[in-house]
Amino acid sequence: MTSTSLDTPPRSTAQLGRKFHLLWSASTVSSIGDGMRDAALPLLAATLSDSPAAVALVKAAATLPWLVMSLHGGVIADRYDRRRLMWTIDFARGAIVLAFACWAFLATPPLAVLAVLAFVLGCGETIFVNASTSALPDVVRQDQLDTANGRMHGSIIVGGNLLGPTIGTALFAAAVWFPFGLDGASFLVAALLVAATGRSGRVAPRSDRRMSTEIREGVRWLLDNREVRLLTLVSALGAMSFFMANTMLVLLVTRTLDAPATVYGLVLAASAIGGTAASALAGRLALHMGRGLRIALAFALMGAAWVGIGLSPNWEAAAALHLVAGFGLVIWNVQATSLRQQAVPKELLGRVNSCYMMLSRLGIIVGTALSGWIAAASEVRVPIVLGGTVLLVCLLLVPRLARLESAGER
């Protein structure tokens, strides 16, 4: 049994080690590939159909697995060697994307194939993310989790939000199949890097138990644990509020503030820069601030930034505040991830993570829908300010988190 006070900064961390750096390198390579594909798929959908529904179909197909597969992915992550599961999934995803790249090289794939590709890769992602989040405590110490999670989040931001989309759009302009070919190759390289870490602590598979039974076991643990239950509810509420504000950002910049589309890209880049800075500073913040104070800082920055964005007089102010919002978002994500990794028993981590991530995705969906409804009934600025206000209200829940201890059997 271990426990870590939310108000006590951890001791200094040592080097994270070879296995972590292999996982981090794999995450960086794969994130760049994901960013290229995420940029190229909607572009290809738009060339196949003039209807906005075509792009929406592909986006929905990529999101749907988080609702229908997440809980099952958690069981799979708990049944098998997690690092082996990661590289196996990456090899499979690499083969699928390379096959699609060959199809795109020889002919134009129909829209339905794009949707199927997005759905299949999304199913693999639900299992992979559960396995990777659950595998990290096996390669670093508990007092290194903030630093390790910060670096992992940083690789996703830089690769998936900055480098990948930029490279992907340029390659798509040169040849439709090119970004998909490189994405497939990135999966294979990432799989080799993860495989080089060797085997992880393997939970004995329970093949004689029904998957539904193991899902219920994870859900029951989450409902019975006060801290992780509260953490999950705060995360779902925070995701809803963040995306209530974020959804209308494009209309605020391009219509209300009358800025060109290229400026919207700069506003998005500002958030990525803020998130990258937060990922680099996550370990240092853990040395000087207690967990509760870091969570409070994250919600204060996100809430104040979105209220300010909603009231911004120009795009320059919106971009500067979006950088602050990105910084706060990554600080929160690092805290939430590290808390789950510390508090949840290793044999249940995949299943509890799956419940957490599914509810967070539901929060995103609800927040996005509310944003459109509120903006249609009022104006674009209203859901942005409202989302920021709810994030500030979440500060009232932080003391409850800070009074609890993260504990779990290892």
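## Helices, contacts and a few single residues

Trainee: Is aspartate 258 buried or exposed?
Mentor: Go by the cut-offs: buried means under 20% relative accessible area, exposed over 50%, and partly exposed in between, using a 1.4 Å probe and protein chains only. At 64% relative accessibility, aspartate 258 therefore counts as exposed.

Trainee: What pLDDT do local features need here?
Mentor: Residues are numbered from 1 along each chain as its sequence is written, and side-chain values use heavy atoms, with hydrogens and water left out. This is a predicted model, in which side-chain atom pairs count only at pLDDT 80 or more, totals for chains, interfaces and linings use all residues, and local features need pLDDT of at least 70.

Trainee: Back to aspartate 258, then. What is its phi?
Mentor: Aspartate 258 sits in the loop between α11 and α12. Most residues other than glycine have a negative phi. Aspartate 258 is not a glycine, yet its phi is positive, at about 55 degrees.

Trainee: How do the two helices on either side of that loop pack, and at what angle?
Mentor: Axes are lines fitted to C-alpha atoms, for helices over the stretch in contact, and angles run from 0 to 180 degrees between N-to-C directions. The axes of α11 (residues 249–256) and α12 (residues 261–288) are 9 Å apart, and the packing angle is about 140 degrees.

Trainee: And which residues of α12 make that contact?
Mentor: The crossing of α11 and α12 is right-handed (near helix turned clockwise from the far one by less than a right angle; anticlockwise would be left-handed). Contact means heavy atoms within 4.5 Å. On the α11 side there are Leu249, Val250, Val253 and Thr254, and on the α12 side Ala261, Val263, Tyr264, Val267 and Leu268.

Trainee: How many helices and strands are there overall, and what is the radius of gyration?
Mentor: Counting DSSP runs numbered from the N terminus, with helices as H or I of at least four residues and strands as E of at least two, the protein has 17 helices and two strands. The globule rule (2.2 Å times the number of residues to the power 0.38) gives 22 Å for 410 residues, so the protein is as compact as a globular protein of that length, with a radius of gyration of 21 Å.

Trainee: What share of the residues is buried?
Mentor: The C-alpha atoms fill a box of roughly 55 × 50 × 40 Å along the principal axes. Of contacts between residues at least 6 apart in sequence, 88% join residues at least 24 apart. Of the 410 residues, the buried share is 51%.

Trainee: How many residues of α4 are buried?
Mentor: The buried residues of α4 include Gly73, Gly74, Asp78 and Arg79. They pack against α3, α5, α6, α9 and α15. Helix α4 (residues 70–79) is largely enclosed by the rest of the structure, because of its ten residues the number buried is nine.

Trainee: Which residues of α6 does α4 meet?
Mentor: The axes of α4 and α6 come within 8 Å and cross at roughly 45 degrees. They are therefore oblique to each other (under 35 degrees is roughly parallel, over 145 roughly antiparallel, 65 to 115 roughly perpendicular, and the rest oblique). Ser70, Gly73, Gly74, Ile76 and Ala77 of α4 meet Thr126, Ile127, Asn130 and Ala131.

Trainee: What about α10 and α15: at what angle do they cross?
Mentor: Their axes come within 7 Å, and the crossing angle is roughly 30 degrees. That makes the two helices roughly parallel. The crossing of α10 (residues 226–246) and α15 (residues 349–377) is right-handed, at roughly 30 degrees.

Trainee: Which residues does tryptophan 221 touch?
Mentor: Tryptophan 221 lies in helix α9. At 17% relative accessibility, this tryptophan counts as buried. Leaving out residues up to four places away in sequence, tryptophan 221 touches Val228, Ala343, Val344, Pro345, Leu348 and Val352.

Trainee: And leucine 395, which residues does it touch?
Mentor: Leucine 395 is in the loop between α16 and α17. At 26% relative accessibility, this leucine counts as partly exposed. Not counting residues up to four places away in sequence, leucine 395 touches Ala296, Phe299 and Ala300.
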